[in-house]
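Reader: I would like a close look at one single part of this protein, followed outward into its surroundings. Please take a strand that carries a cysteine, and explain the state of that cysteine along the way.

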Amino acid sequence: MLEIGCGTGKVSVAAAQRVKKVFSLDKRPEAIKTAREAAERNPLHNIEFFCTDAVDFLASDRIFDCAFVGGTQQLARILRSWQKKCEERLW
């Protein structure tokens with residue numbers, strides 16, 4: 001699962017309890033720090049955090065089963081990029 005705009009990390013933490021792997025993105029370093037702290041309060045080891053622009057991250061070769069887009073800028077650009085990278089659904 002891909003979470004774009006992870007903010008506090010609550011969605012990533014909840015998802016990590018149900019899916020095999022979570023890729024959690026935010027371009028704000030303070031958001032990544034907060035999200036990592038949220039994950040550390042839980043015994044979760046299947047979340048990877050990336051401090052990056054979503055469009056740049058989506059330029060990689062990775063394919064995702066699903067994505068959750070939180071409060072984010074550049075939504076139209078992200079959705080166009082996402083279409084090529086997610087196989088099933090977007091929340």
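Author: Two residues are in contact when heavy atoms of theirs lie within 4.5 Å, and that is the sense in which I shall speak of touching below. The model is a predicted one, and the part I shall examine is strand β3, residues 47-51, with cysteine 51 as the starting point, since this cysteine is found in β3.

Leaving aside residues up to four places away in sequence, cysteine 51 touches Asp26, Lys27, Arg28, Pro29 and Ile32. One of these partners, proline 29, is found in helix α2, and although 22 residues separate proline 29 from cysteine 51 along the chain, their C-alpha atoms are 6.1 Å apart. Proline 29 counts as exposed because its relative accessibility is 53%, whereas cysteine 51 is classed as partly exposed because its value is 44%. A further distance links cysteine 51 to the beginning of the sequence: the C-alpha atom of glycine 5, 46 residues away along the chain, is separated from that of cysteine 51 by 9.8 Å.

Next comes the question of the sulfur atoms. A disulfide requires a pair of cysteine sulfur atoms within 2.5 Å. The cysteine sulfur closest to that of cysteine 51 belongs to cysteine 6, at a distance of 8.8 Å, so the two are too far apart for a bond. Seen from the other end, the result is mutual, because the closest cysteine sulfur to that of cysteine 6 is the one in cysteine 51, again at 8.8 Å. By this rule the model has zero disulfides. As for its setting, cysteine 6 has a relative accessibility of 4% and therefore counts as buried, while cysteine 51 is, as said, partly exposed.

From the cysteine I turn to the strand pairing. β3 pairs with β2, residues 22-26, in the parallel sense, and five bridges are found between the two. Across this pairing, serine 24 stands opposite phenylalanine 49, and leucine 25 stands opposite phenylalanine 50. The chain passage that connects these strands involves α2, since β2, α2 and β3 together make a right-handed β-α-β unit.

The neighbour β2 is mostly covered, with five of its five residues buried. Val22, Ser24 and Asp26 point one way from β2, while Phe23 and Leu25 point the other way, and all of these are buried. β2 also has a parallel partner in β1, residues 2-4, to which three bridges join it. Leucine 25, already met opposite phenylalanine 50, is the bridge partner of isoleucine 4 as well. Here too the chain makes a right-handed β-α-β crossover, passing from β1 through α1 to β2.

At the other end of β3, the view leads into the nonpolar interior. Isoleucine 47 touches Ser12, Val13, Ala16, Val22, Ser24 and Ala39, again not counting residues up to four places away in sequence. Isoleucine 47 is also among the residues with the most contacts inside the largest nonpolar core, a set of 14 residues in which Val13, Ala16, Val22, Ala39, Leu44 and Phe49 are likewise named. At least two residues of this core come from each of α1 (10-16), α2 (29-40) and β3, and α2 gives the most, with four. Apart from that core lies another one, of eleven residues, among them Phe50, Ala54, Phe57 and Ala67. Phe49 thus appears in the 14-residue core, and its neighbour Phe50 in the one of eleven.

To place this part within the whole, the secondary structure comes to four helices and five strands, which follow the pattern β-α-β-α-β-α-β-α-β along the sequence. Of the 91 residues, 46% are buried, and about 5400 Å² of the protein is exposed, with carbon and sulfur atoms supplying 51% of that area. Finally, among contacts between residues at least 6 apart in sequence, 52% join residues at least 24 apart.

Key
Residues are numbered from 1 along each chain as its sequence is written. This is a predicted model: local features need pLDDT of at least 70, side-chain atom pairs count only at pLDDT 80 or more; totals for chains, interfaces and linings use all residues. Side-chain values use heavy atoms; hydrogens and water are left out. Buried means under 20% relative accessible area, exposed over 50%, partly exposed in between (1.4 Å probe, protein chains only). A nonpolar core is a set of buried Ala, Val, Leu, Ile, Met, Phe, Trp, Tyr and Cys residues joined through side-chain atoms within 4.5 Å. Two strands pair if DSSP finds at least two bridges between them. A crossover is right-handed if, with the strands pointing away from the viewer, the path from the first strand over the helix to the second runs clockwise. Accessible areas come from the Shrake-Rupley method with a 1.4 Å probe; for residues, only the protein chains shown count as cover.
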